[in-house]
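Trainee: Please take one part of this protein and look at it closely. I would like to see how that part sits in the whole.

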Amino acid sequence: MGHIIEAAKTGRASCRSCKKTIEKGDLRLGEEVDNPFAGGDKTYNWHHLECASLKKGAALKSALETTEMDVPNKDELLKAASSNAKKEKPANFPYAEMAPTNRSTCLSCGEKIEKGNLRVAIETEVDTGGFMRRGPGYLHPSCVIGHTEADPEEMLEKVKANSTSLTDDDGATLEESFYG
């Protein structure tokens, strides 16, 4: 399926970013997400294109690059989406990012991950007291392979594919950590 751009079929959908109605015929972004009510199935969260350029840059960029529709202001939307995609959290695990605080602890070695250092997020089960939910758990790049027992090449490929804000230097650091 993937992310799509289409004209709204009715005027019933609301934008997930601004909460306002998306009028019938207006172009909208369909952000593909897991359907929590049908295991394994996918559904769409709808957004105005302008709202998506601010909040869902990566999804909009992907949809704009693959759509065959004539989208007004496509170049401006792409520019805004590209700029904002670097600021948003990736939707898929595993991904790498710079630690925004020094509060996270490595799941493998138990040491703090310092603010500004590279960390890798993997999906874990989190006990919230009343129930279990799935969320991110963080690892030092050098602890990833030992903790996950994954093939370094496959893991590196997944992390790079899911990471929106990595620089070339960050990618080189990850590669060195995974193989070193």
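Mentor: A definition comes before anything else: Lys and Arg count as positive here, Asp and Glu count as negative, and His and the chain ends are left out of the count. The place of a charge is taken as NZ of Lys, CZ of Arg, CG of Asp or CD of Glu. On that basis the protein has 24 positive and 30 negative charges, and the mean positions of the two groups lie 9 Å apart. Keep in mind that the model is predicted.

Now the whole, briefly. The protein has six helices and six strands. Along the sequence they come in the order β-β-β-α-α-α-β-β-β-α-α-α. Taken along the principal axes, the C-alpha atoms fill a box of roughly 55 × 40 × 30 Å. The protein has 180 residues, and 36% of them count as buried. Its accessible surface is about 11000 Å², with 46% of that belonging to carbon and sulfur atoms. Among contacts with a separation of 6 or more, 49% join residues 24 or more positions apart.

The part to look at closely is helix α3, residues 74-85. Start with its length. At 1.5 Å a residue, the twelve residues of α3 should span 16 Å, and the C-alpha atoms at its ends are 16 Å apart, so the expected and computed spans agree.

Next, which residues of α3 are buried? They are Leu-77, Ala-81, Asn-84 and Ala-85. Seen down the axis of α3, the buried residues fall within an arc of 100 degrees, so they line one face of the helix. On the other side of α3, Asp-75, Glu-76 and Lys-79 are exposed. What do the buried residues of α3 pack against? Their partners are α1, residues 49-55, and α2, residues 57-66.

For a second example of a buried residue, this time in a loop, take His-140, which is found between β6 (132-139) and α4 (144-148). Buried means under 20% relative accessible area. His-140 has 18% relative accessibility and therefore counts as buried. Leaving aside residues up to four places away in sequence, His-140 touches Cys-106, Cys-109, Glu-111, Lys-112 and Ile-113. The C-alpha atom of His-140 is also 8.7 Å from that of Asn-117, a residue 23 places away along the chain.

Note on methods: Residues are numbered from 1 along each chain as its sequence is written. This is a predicted model: local features need pLDDT of at least 70, side-chain atom pairs count only at pLDDT 80 or more; totals for chains, interfaces and linings use all residues. Side-chain values use heavy atoms; hydrogens and water are left out. Helices (H or I, at least four residues) and strands (E, at least two) are DSSP runs, numbered from the N terminus. The expected span of a helix is 1.5 Å times one less than its number of residues. Buried means under 20% relative accessible area, exposed over 50%, partly exposed in between (1.4 Å probe, protein chains only). The arc is that of the directions from the helix axis to the C-beta atoms. Contact means heavy atoms within 4.5 Å. Accessible areas come from the Shrake-Rupley method with a 1.4 Å probe; for residues, only the protein chains shown count as cover.
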